Amino acid sequence: QVQLVESGGGLVQAGGSLRLSCAGSGRTLSSYAVAWFRQTPGKEREFVAGISWSGGSTDYADSVLGRFTISRDNAKNAVYLQMNSLKPEDTAVYYCAANPRRLMRYGYDYWGQGTQVTVSS
């Protein structure tokens, strides 16, 4: 199985940018579709963006389309989420997740511990 570790979270002003990283260990991350989810207290975890194992297909939630970009570097066993034009409502704990089947918005088997993103107004 694969282990996932997120990094890159922090505090940023509205309109700013952050890049999150998801590093894989154990099995190679190139065998997995990977997605980013986020969660705020009292709310369900929501899908943000996903990428197929090859990087050839991506999917985005409507709320981040045009502002966030997901990418992967299989040689580095990593997946990234570039977040631009951040808004206070993007504040959440961000998780990366992997599954060995296909790009989708649910049903992920492996999860990281999360990284906090806080956007101040």
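Begin by selecting Arg45 and Trp111 in this predicted model, where Arg45 lies over the face of Trp111, at 4.6 Å from the ring centre. Keep Trp111 on display and add Phe37, Phe47 and Tyr108, since these residues belong together in the view: ring pairs link Phe37, Phe47, Tyr108 and Trp111 into a cluster.

**The aromatic pairs**

The structure holds 4 aromatic pairs. For one of them, select Tyr32 and Tyr110, whose ring centres are 5.9 Å apart and whose planes stand at 90 degrees, so the pair is edge-to-face. Tyr32 is found in the loop between strand E3 (18-26) and strand E4 (33-39), whereas Tyr110 belongs to strand E10 (residues 110-111), so this pair ties together parts that are 78 residues apart in sequence. If you colour by accessibility, Tyr32 appears as a buried residue with a relative accessible area of 2%, while Tyr110, at 23%, counts as partly exposed.

Return next to Phe37 and Phe47, which form an aromatic pair that is edge-to-face, with 5.7 Å from centre to centre and 80 degrees between the planes. Here too the pair links distant parts of the chain, with Phe37 in strand E4 and Phe47 in strand E5, 10 residues apart. Phe37 is buried at 5% relative accessibility, and Phe47 is buried with a relative accessible area of 9%.

**Ser52 and its surroundings**

Move now to Ser52, which is placed in the loop between strand E5 (46-51) and strand E6 (58-60). Is Ser52 buried or exposed? Its relative accessibility is 9%, and because the cut-off for buried is under 20%, Ser52 counts as buried. Draw a distance from the side chain of Ser52 to the backbone of Gly56, and you will find a polar atom of that side chain 3.3 Å from the backbone nitrogen of Gly56. Then show the contacts of Ser52, which, not counting residues up to four places away in sequence, are Tyr32, Ala33, Ser57, Arg72 and Leu103.

**Asn99 in strand E9**

Tyr32 and Ala33 can stay on display for the next stop, Asn99, which lies in strand E9 (residues 92-99). With neighbours within four places in sequence left aside, Asn99 is in contact with Tyr32, Ala33, Met104, Gly107, Tyr108 and Asp109. Asn99 is buried, and its relative accessible area is 0%. Which backbone atoms does the side chain of Asn99 reach? One is the backbone nitrogen of Arg101, at 2.7 Å, and another is the backbone oxygen of Arg102, at 3.0 Å.

**Gln82 and the ring of Tyr80**

For the last stop, select Gln82 in strand E8 (residues 78-83), a residue that is partly exposed, with a relative accessible area of 27%. The side chain of Gln82 makes a polar contact with the side chain of Asn84, at 2.9 Å. Apart from residues up to four places away in sequence, Gln82 touches Ser17, Leu18, Arg19, Arg67, Phe68 and Thr69. To set a scale for the view, pick the C-alpha atoms of Gln82 and Leu4, which are separated by 18 Å although the two residues are 78 residues apart along the chain. Finally, follow Arg19 from the contacts of Gln82 to the ring of Tyr80, where Arg19 lies over the face of the ring, at 4.2 Å from the ring centre.

Terms used: Residues numbered from 1 in each chain as written. Predicted model: local features only at pLDDT ≥ 70, side-chain atom pairs only at ≥ 80, totals over all residues. Heavy atoms only, no water. Helix = DSSP H or I, 4+ residues; strand = E, 2+ residues; numbered from the N terminus. Buried < 20%, exposed > 50% of the residue type's maximum accessible area, 1.4 Å probe, protein only. Polar contact = N/O pair within 3.5 Å; in protein donor to acceptor, adjacent residues only side chain to side chain. Contact = heavy atoms within 4.5 Å. Phe/Tyr/Trp six-rings, centres within 6.5 Å; stacked < 30°, edge-to-face > 60°. Lys NZ or Arg CZ within 6 Å of the ring centre and 35° of its normal.
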